[in-house]
Amino acid sequence: MTDFNNQYVMTIDGKSVATNKTLDAFNPATKDIIANVPDADKEHLDDAVASSRRAFKTWSTAPLAERQAAVAAIGEAIADHAEEFMALMTKEQGKPRAGAEWEILGSAAWCAEIAKQSLPDEVVEDSDDRSVITRFSPLGVVGGITPWNFPILLAIWKIAPAILTGNCIVIKPSPYTPLCTLKLGEICQDILPPGVFNVISGGDELGKWMTAHEGIDKIAFTGHTDTGKHVMRSAADNLKRLTLELGGNDPAIVLPDVDPQTIAAELFWGTYQNNAQFCNSIKRIYIHEDVYDNVRDALVEFAKEMKVGNGADADTALGPIQNQPQYEKVNEYIDDCAANGYTFALGGDVDKNAEGWFIPITIIDNPPEDSRIVTEEPFGPIVPLLKWSDEDDVIKRANDTRYGLGASVWGNDTETVQRIGSQLDAGTVWLNEIHQYSPYQAFGGHKQSGIGCENSLHGLMEYTNWSTITLNKAWGK
Ligand code: NAD
């Protein structure tokens with residue numbers, strides 16, 4: 001059993017594997033190097049895929065109850081190590097304790113619920129003459145590729161359904177947040193047969209090798225829309241199955257009948273949870289002109305009370321930006337707003353000499369609709385507030401994006417909230433709530449926010465082939 005020491009190894013064929021070449025892992029709150037992790041070469045990937053192919057022969061035919069028990073056991077192991085995982089998560093990802101709890105305990109709970117799911121045969125026909133069933137058979141070897149914002153939860157969203165449906169999986173975490181995932185692999189060495197679950201670490205090249213690998217049957221990918229397009233092109237060669245969970249530019253629409261103080265807290269956390277490094281963060285806030293000034297001022301007051309700092313400090317609300325390239329990218333958006341003369345309702349004053357990659361909570365007051373801060377995905381703690389007056393117009397503006405991941409509508413008049421919500425083109429539309437997820441709820445993106453979905457029975461089906469099996473009962477009689 002792993003003891004969460006500072007040694008990081010890959011898990012290939014049930015065994016710990018180190019490499020001569022390593023990559024540095026950083027604490028984003030201090031910029032310190034906190035560990036070295038294996039940097040896999042192509043042979044390591046080949047070994048992992050070969051072990052998964054071997055394991056698939058028996059795992060794909062293992063009884064459902066055994067596969068369900070394995071998924072449940074992964075959840076129990078995460079729960080048993082929750083304290084170590086949460087501390088490590090804060091250290092490598094930067095998120096404060098509350099966010100680490102949400103992610104780690106959520107991952108354990110997810111496994112417990114996915115472990116109860118199944119895809120029994122569908123009986124299409126069962127007459128005296130014929131029977132027709134649809135069977136959901138596993139695909140083979142899944143390559144899971146995850147980003148740095150929710151490293152464990154988004155890995156579990158792939159590992160649990162893959163294993164439950166009888167597949168084997170090779171997971172590659174982001175090079176920026178490999179630590180928790182490598183430890184998860186180590187823990188699972190005692191739980192799963194060798195090869196059912198491999199974890200390998202390396203740079204972006206490793207992801208490219210996976211998407212091109214002939215021995216991988218499906219890629220389950222979460223990351224940028226532009227990376228998703230590379231994945232899709234590369235996966236075309238052997239027609240891999242794909243689930244792509246990509247970027248977002250989620251609008252929130254605020255109606256004129258809201259109480260500014262009440263909505264301020266909802267909008268704040270809807271926007272800045274995980275330091276706004278969240279695919280489903282509110283990224284554009286459309287506020288009705290009647291309440292615009294009051295909602296803006298209430299949001300600014302609420303935000304001023306929130307401490308940005310090291311996630312390891314108990315009073316920190318928002319941690320650092322997770323990595324240096326992302327820190328530079330968010331700074332670019334701040335600079336762009338300043339250069340264009342947009343009004344900062346809050347923030348914008350970045351201390352470039354800070355100990356870690358910290359960005360102050362930043363709110364831009366009614367910039368033009370075609371500004372970069374409105375049309376792009378900054379993936380950091382800067383958000384534009386936008387005024388609206390006409391319902392059809394705000395719906396058009398909310399939908400006027402290449403993305404379609406999430407959206408929310410807020411107001412006391414439920415009928416209006418529902419009417420607007422039903423016209424928003426997004427995979428999840430939250431009405432008077434936000435960021436409610438469930439293992440039973442399909443999650444995915446419209447337009448360039450993705451292909452397919454995760455979670456629910458629809459998500460499970462994405463790890464299977466549909467086989468139609470017919471029987472002519474009358475034949476030969
Ligand atoms: P990213 O696309 O840079 O990297 C994601 C993963 O892909 C990493 O593991 C990376 O090493 C790997 N990778 C990079 N280039 C690759 C390539 N050419 N082929 C294969 N793999 C490659 O994304 P990121 O910066 O880690 O994450 C942030 C992005 O992820 C944001 O756009 C965010 O909206 C999106 N995201 C989406 C969801 C969702 O569920 N829709 C959830 C979280 C994050």
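User: In this predicted model, what makes helix H5 oblique to helix H6?

Analyst: Helix H5, residues 151-164, and helix H6, residues 179-188, pack at an angle of about 45°, with their axes 9 Å apart. Angles under 35 degrees count as roughly parallel and those of 65 to 115 as roughly perpendicular, and because about 45° belongs to neither range, H5 is oblique to H6. H5 passes H6 in a right-handed crossing.

User: Which residues make the contact of H5 with H6, and how do you know how they divide by class?

Analyst: On the H5 side the contact is made by Pro 151, Ile 152, Ile 156 and Ile 159, and on the H6 side by Cys 180, Thr 181 and Leu 184. Pro, Ile, Cys and Leu count as nonpolar, whereas Thr, which is not listed as nonpolar or charged, counts as polar; the contact therefore divides into six nonpolar residues, one polar and no charged.

User: Why is H2 called roughly perpendicular to H3?

Analyst: Helix H2, residues 64-80, and helix H3, residues 82-93, pack at an angle of about 70°, and their axes are 5 Å apart. The range for roughly perpendicular is 65 to 115 degrees, so with about 70° H2 is roughly perpendicular to H3. In this pair Ile 78, Ala 79 and Asp 80 of H2 meet Ala 82, Glu 84 and Phe 85 of H3, and the residues of the contact divide into four nonpolar, no polar and two charged.

User: Why are H3 and H4 oblique to each other?

Analyst: The axes of H3 and helix H4, residues 97-114, come within 9 Å and cross at roughly 130°. An angle counts as roughly antiparallel over 145 degrees and as roughly perpendicular from 65 to 115, and because roughly 130° fits neither range, H3 and H4 are oblique to each other. H3 passes H4 in a right-handed crossing. By class, their contact has seven nonpolar, one polar and four charged residues, with Met 86 and Met 89 of H3 and Ile 104 and Leu 105 of H4 among those that meet.

User: What makes the pair of Asp 204 and the ligand a polar contact?

Analyst: A polar side-chain atom of Asp 204 lies 2.7 Å from an oxygen atom of the ligand, and because a polar contact is a pair of N or O atoms within 3.5 Å, this pair meets the cut-off. For Thr 146, a polar backbone atom is 2.7 Å from an oxygen atom of the ligand, while for Leu 246 a polar backbone atom is 2.7 Å from a nitrogen atom of the ligand.

Terms used: Residues numbered from 1 in each chain as written. Predicted model: local features only at pLDDT ≥ 70, side-chain atom pairs only at ≥ 80, totals over all residues. Heavy atoms only, no water. Axes fitted to C-alpha atoms, helices over the stretch in contact; angles between N-to-C directions. Helix = DSSP H or I, 4+ residues; strand = E, 2+ residues; numbered from the N terminus. Left-handed = near helix turned anticlockwise from the far one by under 90°. Contact = heavy atoms within 4.5 Å. Polar contact = N/O pair within 3.5 Å; in protein donor to acceptor, adjacent residues only side chain to side chain.
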